[in-house]
Amino acid sequence: MCLILLAYKVHPKYRLVLAANRDEFYERPTQPASFWPDAPDVLAGRDLQHGGTWLGVTRAGRFAAVTNYRDPSTKIDGAPSRGALVSDFLKGRQSPDAYMHELAARADLYNGFNLLAGDADELYYYSNRGGPPRKLAPGVYGLSNHLLDTPWPKVERGKQALAEIVGKGDALTPESVIEILFDRVRAADESLPDTGVGLEIERALSPLFIVSPDYGTRCSTVVLIDGAGKTTSVERTFGPGLARREEARYDFNTVDTGEETNGQG
């Protein structure tokens with residue numbers, strides 16, 4: 001996943017408003033968001049290559065998401081899958097604080113990552129390229145393939161758009177939030193980061209929504225969790241060239257573990 005925008009304890013109704021794009025090679029096999037047969041409390045997409053996920057929530061109100069830290073010069077061949085960092089937290093019972101600090105002790109085994117993990121009480125951020133885990137205060141945050149709130153153009157553009165929508169108060173819907181993620185405007189060359197992949201690739205990766213011949217935004221996801229624990233997750237998945245494949249919506253209550261509803265179209 002290459003872009004996560006979130007408003008944490010900012011909106012008067014929702015303690016978490018999250019919008020995220022997962023960018024990946026089109027040929028990589030992926031399962032759209034659903035409740036997992038082997039972990040029925042976990043709602044997440046699934047990377048069928050390694051079995052982990054990039055973003056998920058649970059009936060207990062746990063949430064986690066990961067992005068890669070882009071730095072080809074430090075790649076470790078054969079490193080463990082970073083998607084397991086999300087799925088392990090979602091399936092476990094450790095607090096976000098305990099999980100992040102336990103992870104920090106073995107984080108050097110992994111290629112660069114950024115991890116967000118939270119529950120009804122707290123939200124933590126940790127990168128194995130950016131110091132110790134830290135608890136996040138209420139606010140609007142943006143995360144791409146560098147550290148939290150690194151002012152890349154796509155991060156700044158997305159944060160501003162999310163802040164504007166959240167600032168409207170109760171006038172907030174999954175549909176209004178997900179529209180942020182479809183922005184295909186490229187950044188000016190002078191604003192691009194230099195992550196070691198070359199100018200042409202930096203240009204292609206600079207929009208919030210990425211389209212290229214073999215790599216791009218595979219899905220856009222919005223998660224809303226209100227103060228009582230009611231959760232709404234909407235995911236739209238895409239194929240090459242912006243071909244829309246499907247949309248899935250799940251609504252469930254993380255307090256009483258009510259039944260989910262799933263509508264696809």
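1. Start with one pair: Ala 117 has Tyr 124 in β8 as its bridge partner. The two strands involved, β7 (residues 113–118) and β8 (residues 123–127), run antiparallel with five bridges between them. Pairing here requires at least two DSSP bridges between two strands; strands are DSSP E runs of at least two residues and helices are H or I runs of at least four, numbered from the N terminus.

2. A word on the source: this is a predicted model, with local features needing pLDDT of at least 70 and side-chain atom pairs pLDDT 80 or more, while totals for chains, interfaces and linings use all residues. Residues are numbered from 1 along each chain as its sequence is written, and side-chain values use heavy atoms, leaving out hydrogens and water.

3. Zooming out, seven strands make an open antiparallel sheet, ordered β3-β4-β5-β6-β7-β8-β9. At its edges sit β3 (30–36) and β9 (134–135), each paired on one side only. Helix α1 (residues 83–91) packs on this sheet and touches β3, β4 (39–47), β5 (55–58), β6 (63–68) and β7, contact being heavy atoms within 4.5 Å. The α1 direction makes about 170 degrees with that of β6, taking N-to-C axes fitted to C-alpha atoms (for helices, over the stretch in contact) on a scale from 0 to 180 degrees.

4. Now the voids. A cavity is a set of points on a 1 Å grid over the protein atoms alone where a 1.4 Å probe fits but cannot get out, and lining residues have an atom within 4 Å of a point. The largest cavity is lined by residues including Arg 70, Trp 152 and Glu 202, and α3 (153–166) and α5 (199–205) each give two or more residues to that lining.

Conventions:
1 Å grid on protein atoms, 1.4 Å probe; cavity = no way out; pocket = protein on both sides within 12 Å on 5 of 7 lines; lining within 4 Å.
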